[in-house]
Amino acid sequence: MLKIFIVEDESVIRDGLRDNIPWQDYGYELVGEASDGEMALPMIRKSCPDLLLTDIKMPFMDGLTLCHILGQEFPRMKLVVMSGYDDFEYARRAIHEGVVQYMLKPITRRSLRQMLDEIRERIEREQQKQSYQERFQRENREYERFQRREYFEKLFSAQLSVEKMYEEAGRLSLDVSGPCYNLILFSLSEQKNTGERGRERFLSAEGELIRFFLRFPEYILSKWNLNSYCVIVKGEAEIVSLYTEKGMERIREICEAGQELQWYAAAGKMTERFSALSDCFHALNRVFATRFFRTEQHILTEEQLECFRPASEQEALSGMKPQDFDTAAVQEFLENGEAEEAADFVRSYLRSLEKLLQSRMLRDYIVLGIRFAVLRYIERLGVSQTDFTGALRCGLQDFEKGEEALRDYVEELLTHAVEVRERLRQKENTRFLKQALAYMELHFTEEGLSLHSVAEHCGVSGSYLSTAFSREMGETFVEYVTRRRMELAKRLLREERLHTAECAARVGYRDPHYFSFVFRRTQGMSARDYRSSTVS
């Protein structure tokens, strides 16, 4: 039921409207009345009516002044004025203030009923359009995240000029204006062997975090890789500091609520230039890479890495034990790291062992341990050691040439191993994507088709399917399904001359109005106009 508020200085007219009109029968609730605009304004701000019915000439504050104020504060509120003056100047001002109808007194019940019905239908159409707009945005939010990730990758790899940074941000409707910026990186996944409970806890926590970071304009959220997200924080210096701390604390609160989650988060250092976010990211990513060997720490900082160093070589040598050089961090990186993270991981990992590496004996021990861990992992992937090592540019002898050569050798080992893993996963992705596409081709005309129903059919998680689909297909799941439905819809309109409602049902839309909205949004014209344009 819609809400209406009446402002009229003549008590006889005001009382008559209040007492003699069956508002509920007309689909309205009378939420207030006042004798002038000044008295009405605070009451309207509190009740937020859908429709204002006001006289023009009143003491203290007239109706057109009230309409001017409300038009700015409540742009969706419908404004209707009543007047005993058939004056063009009044009508002109009313139009200027956004008034939708100008009614001359005396007002009959019939004319009032007609006006109320027209306003109700207009509001319902606008609400329906807004509902379709929000639904379309929800369904395509995955596409927006895919586009954002591509933009973030270009931004952080310094591929864009300053002009292009802002130009592409505008194209994606991202407001990147602000005097200061910072970054937050966080990753989230379920612990191994936690089963369905762990999966449900992960999806719940991921959803909570996404909703939190989308709620505030100070954050710009993007998916970074399969399990990680990147957040740009923007605003005045104190705002950036506050919201960086607030974001990190919210990640902690949500993720610490369950034991089934494996999570890490790190925040960068504030910068005053948007173009400097590339440097901020690389510094932060070196810290974030420590998640592979500082698994007991969830909030990662550069200070923790400094504290991880042994005090001296003598101390390192005297306390040397084989388990001190456990390669679990390397194995974790090989399974979950990205090739572009290898340099930061190696830098952080070797930095944490800096004092140990000063001893040749320990250095050889550590490097050989990393090499053997990589070769064991490669064998588990089904790749021969000979083929793997034959493709390397650096050899074992090279790491003796100095610290930089050592870092290059380890980095190439890990990068090549991760690239081999990704090529094998891509083959596997191709296999299950073929399965997914075949299933989607059979069911894309069913309204119940969803990312999770396809993922369940293929035996993978919805998050994994979403990421793999976007990478391999160059478009998101929703974008692909919508495109296939629109292709079929155009063929049905063109060849079978179906009406809009019939066409909607045939291509997977139960609501023909929403189908019409999507068709116009994606094709640039209505379904009816498209059908007419194809008449030979």
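This report describes the domains, helix packing, selected residues and backbone features of a predicted model.

## Domain organisation

The protein is divided into four parts: domain 1 spans residues 2-107, domain 2 residues 175-305, domain 3 residues 324-424 and domain 4 residues 437-534. The centres of domain 3 and domain 4, taken over C-alpha atoms, are separated by 46 Å.

## Helix 7

Helix 7 covers residues 195-215 and contains 21 residues. From its first C-alpha to its last it reaches 31 Å, close to the 30 Å expected at 1.5 Å a residue. The buried residues of this helix include the aromatic side chains Phe202, Phe212 and Phe213. Arg199, Arg201 and Glu206 are also among the buried residues of helix 7, as are Gly198, Ala205, Gly207, Leu209 and Ile210.

## Packing against helix 18

Two packed helices are described by the angle between their axes and the distance between the axes. Helix 16 and helix 18 pack with their axes 10 Å apart, at an angle of about 100 degrees. Helix 16 is therefore roughly perpendicular to helix 18. On the side of helix 16, the contact is made by Glu422, Gln426, Asn429, Phe432, Leu433, Ala436, Leu437 and Met440. Helix 18 contributes Tyr464, Leu465, Ala468, Phe469, Arg471, Glu472 and Met473. By type, the residues of this contact divide into 10 nonpolar, two polar and three charged.

Helix 17 (residues 451-458) also meets helix 18 (residues 462-473): their axes come within 8 Å and cross at roughly 100 degrees. Helix 17 is thus roughly perpendicular to helix 18. Leu451, His452, Val454 and Ala455 of helix 17 make this contact with Gly462, Leu465 and Ser466 of helix 18. Here the division is four nonpolar, three polar and no charged residues.

## Residues of helices 14 and 16

Leucine 437 lies in helix 16 and counts as partly exposed, because its relative accessibility is 21%. Leaving aside neighbours within four places in sequence, leucine 437 is in contact with Phe469, Met473 and Tyr480. Its C-alpha atom is separated by 8.9 Å from that of valine 454, 17 residues apart along the chain.

Glutamate 412 is found in helix 16 (residues 403-443). With a relative accessibility of 12%, glutamate 412 counts as buried. Not counting residues up to four places away in sequence, glutamate 412 touches Ala391, Leu392, Arg393 and Cys394.

Isoleucine 378 is placed in helix 14 (residues 360-380) and counts as buried, at 0% relative accessibility. Beyond its neighbours within four places in sequence, isoleucine 378 is in contact with Val383, Ser384, Phe388, Ala417 and Val420. The C-alpha atoms of isoleucine 378 and valine 418 are 40 residues apart along the chain and separated by 9.4 Å.

## Backbone geometry in loops

Most residues other than glycine have a negative phi, and most peptide bonds are trans. Phenylalanine 60, although not a glycine, has a positive phi of about 70 degrees. Phenylalanine 60 is found in the loop between strand 3 (51-55) and helix 3 (63-73), and at 72% relative accessibility it counts as exposed. Arginine 497 is likewise not a glycine and has a positive phi of about 55 degrees. The loop between helix 19 (477-496) and helix 20 (500-507) holds arginine 497, which is partly exposed with a relative accessible area of 32%.

The peptide bond from lysine 105 to proline 106 is cis, with omega near -5 degrees. Proline 106 has its place in the loop between strand 5 (101-104) and helix 5 (109-156).

Terms used. Residues are numbered from 1 along each chain as its sequence is written. This is a predicted model: local features need pLDDT of at least 70, side-chain atom pairs count only at pLDDT 80 or more; totals for chains, interfaces and linings use all residues. Side-chain values use heavy atoms; hydrogens and water are left out. Axes are lines fitted to C-alpha atoms, for helices over the stretch in contact, and angles run from 0 to 180 degrees between N-to-C directions. Helices (H or I, at least four residues) and strands (E, at least two) are DSSP runs, numbered from the N terminus. Angles under 35 degrees count as roughly parallel, over 145 as roughly antiparallel, 65 to 115 as roughly perpendicular and the rest as oblique. Contact means heavy atoms within 4.5 Å. Ala, Val, Leu, Ile, Met, Phe, Trp, Tyr, Cys and Pro count as nonpolar, Asp, Glu, Lys and Arg as charged, and the others, Gly among them, as polar. The expected span of a helix is 1.5 Å times one less than its number of residues. Buried means under 20% relative accessible area, exposed over 50%, partly exposed in between (1.4 Å probe, protein chains only). Domain bounds come from an automatic or database domain assignment.
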